[in-house]
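Colleague: Please choose one small part of this structure, look at it closely, and then lead me outward from there to its surroundings. I am still learning to read such models, so I would be glad of a slow and connected account.

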Amino acid sequence: MTNSARDAALLALTDCRRRGAWADGALKERLSGMDRREAALASRLCYGVLQNRILLDCWIDTFARGKLQPVVRDILRLAVYQLEFTDKIPASAAVNEAVEQTKRFANPSAARLVNGVLRSMLRAHPLTLPQHAATRYSHPQALAALFVKEFGQEKAARLMQSDNETPDTVLQVNTLRADKARVRAALLDAGAQAEPHPFLSDCLIVGGTGSLEQLPAFREGLFYVQDAAANLAVRAAGLKPEMRVLDCCAAPGGKSFAAAIMMQNRGELISCDIHPHKLKLIENGAARLGLSVLQTRLQNAAEPVPEWRGTMDAVLADVPCSGLGVIRKKPDIRYKPLAETERLPALQGAILAQQAEYVKRGGVLLYSTCTVLHRENEAVAEAFLRTHPDFTAETVEFPADSGIPSGAMTTLLPCDHGTDGFFICKFRRKP
């Protein structure tokens, strides 16, 4: 535990570098017991550095000579981010703290180098942005090349730019307990900003909330957080009351909650995951929202459950994926080795094939991912159709004012639709 936002951010960045830790987990560990404002600053600094790491290194390498000790580079990244991307932190504070951190976390002899590099950068402020999109928006060359291959140069650049923008926080109103007007009024009374979502009827876009979990409306179970893309995926399934529904990869629970609300808390909804602690989170969320229709089960989505065969009106298969559609929210995803994602289509196909067995005649199998790669999306869906002639791909109609064209296989992009990057495909089993 530390009381300094900059130290907490530095230690979290060091954890990410040394142990390959995810930023959210590293921050949770480092922010324990910290003042709320300091914790918020530490989070902003850590995520900001990860979001812009390649660009920060480009600038640092322009001013620093020779090889830098890894922790010294971390300290410089943190300081340069403050100098170039924040407007409320005095430059002197950023520089002085970086020098002091170098003395404490690296060695006193390097403090002079850090001071010199940062003073030189200050004289050149604002620093020149590189023209190359991969560097400018801090995407590794291999990932940038993959995006270019998928979308072409211009759209790939827009996608990388959108990966560095702040996403909207979208709340799904729990219409079992309140309507949108009541929830909005409650949020405004609590000092938050809340506006109707432009194309989702029961959703709000919020800001200035601080910790959502501290709001009375949250504790009363009047809403939960869910990106518009995930919400659209569940809506595409066309769920109704009294259905029997399976959510085979349910954690952290948002799609199950949306499903239960669409079913008006009537019927049967089974939410599965392979981690007991994640099932507990789903159960806690369902209890807060008053969703008695939901039951959890510890279950691997690729392994068979004979008694489910042919019994489900709808199966939601939001499968494990590379996560390249949610880089806005998890900036460190971009640095994970792409080679690790190449095995995913086989796993996704296996899960889809297993879940298809549970769909009754005339029922729906909804396939979705939070990635934008063809090999994990359309390619998996098309392979499934080739081996499952009793299923057809069914056109999904999206809200008219969303700008999303109807289709049986739809990829949403943050740069085009303002949502997470997401793939939605609806299969119908022939009657």
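Modeller: Let us begin with Ser138, which counts as buried because its relative accessibility is 0%, and the limit for that word is under 20%. Please keep in mind throughout that this is a predicted model. Ser138 sits in the loop that links helix 8 to helix 9 (141–151), and its phi is near 55°, a positive value although the residue is not glycine. Most residues other than glycine have a negative phi, and most peptide bonds are trans. Asn265 is another non-glycine residue with a positive phi, here about 60°, and its place is the loop between helix 14 and strand 6 (267–273).

The second half of that general statement is also worth following up. The loop between helix 7 and helix 8 (133–136) holds Pro126, and the peptide bond that leads from His125 to Pro126 is cis, with omega near -5°. A cis bond likewise joins Ala251 and Pro252, with omega about 5°, and Pro252 lies in the loop between strand 5 (243–247) and helix 14 (254–262).

From the loops we can step to the helices, and helix 6 is a good one to begin with. Helix 6 runs over residues 91–105, and its 15 residues reach 21 Å from the first C-alpha to the last, close to the 21 Å expected at 1.5 Å a residue. Its buried residues are Ala94, Val95, Ala98, Val99, Gln101 and Thr102. These residues cover an arc of only 160° around the axis, so they lie on the same side of helix 6. An α-helix has 3.6 residues a turn, so residues three or four places apart point the same way. As for what this buried set meets, it packs against helix 1 (5–19), helix 5 (70–85) and helix 7 (108–124).

Those helices come up again when we ask about the nonpolar core. The largest nonpolar core has 46 residues, and those that touch the most other members are Cys46, Leu76, Val80, Leu118 and Met121. At least two residues of this core come from each of helix 1, helix 2 (23–30), helix 3 (36–51), helix 4 (53–63), helix 5, helix 6 and helix 7, and helix 5 gives the largest share, 9 residues. If we set aside the neighbours within four places in sequence, Val80 is in contact with Leu56, Trp59, Ile60, Leu118, Met121 and Leu127. There is also a second, separate core of 42 residues, which includes Val234, Ala237, Val245 and Leu316.

Helix 5 also carries two charged residues that deserve attention. Asp74 belongs to helix 5 and counts as buried because its relative accessibility is 2%; apart from neighbours within four places in sequence, Asp74 is in contact with Leu10, Thr14 and Arg17. Arg73 is in helix 5 too, and at 18% relative accessibility Arg73 still counts as buried, since the limit is under 20%. With the same neighbours within four places left aside, the contacts of Arg73 are Asp57, Ile60, Asp61 and Leu68.

Now we can turn to a sheet. It is an open one of 4 strands in the order 2-3-1-4, with antiparallel pairing. Strand 2 (193–196) and strand 4 (223–225) are at the edges and have a single partner strand each, which means that one side of each has no neighbour in the sheet. On average, neighbouring strands are turned by 35° against each other, direction ignored. Strand 2 pairs with strand 3 (residues 203–207) in the antiparallel sense over 4 bridges, and in this pair Glu195 stands opposite Ile205 of strand 3. Helix 11 (residues 180–189) lies across strand 1 (169–173), strand 2, strand 3 and strand 4, and runs at about 160° to strand 2. Helix 13 (residues 228–236) also packs on the sheet, where it touches strand 1, strand 3 and strand 4, and its direction makes about 35° with that of strand 1.

A last pair of strands lies further along the chain. Strand 11 (residues 409–412) has Thr410 and Leu412 on a covered face, whereas Met409 and Thr411 are on an uncovered one. Strand 11 runs antiparallel to strand 12 (residues 422–429), to which 4 bridges join it, and Leu412 stands opposite Phe422 of strand 12.

Conventions:
Residues numbered from 1 in each chain as written. Predicted model: local features only at pLDDT ≥ 70, side-chain atom pairs only at ≥ 80, totals over all residues. Heavy atoms only, no water. Pairing = 2+ DSSP bridges. Axes fitted to C-alpha atoms, helices over the stretch in contact; angles between N-to-C directions. Contact = heavy atoms within 4.5 Å. Expected span 1.5 Å × (residues − 1). Buried < 20%, exposed > 50% of the residue type's maximum accessible area, 1.4 Å probe, protein only. Arc of directions from axis to C-beta. Core = buried A, V, L, I, M, F, W, Y, C linked by side-chain atoms within 4.5 Å.
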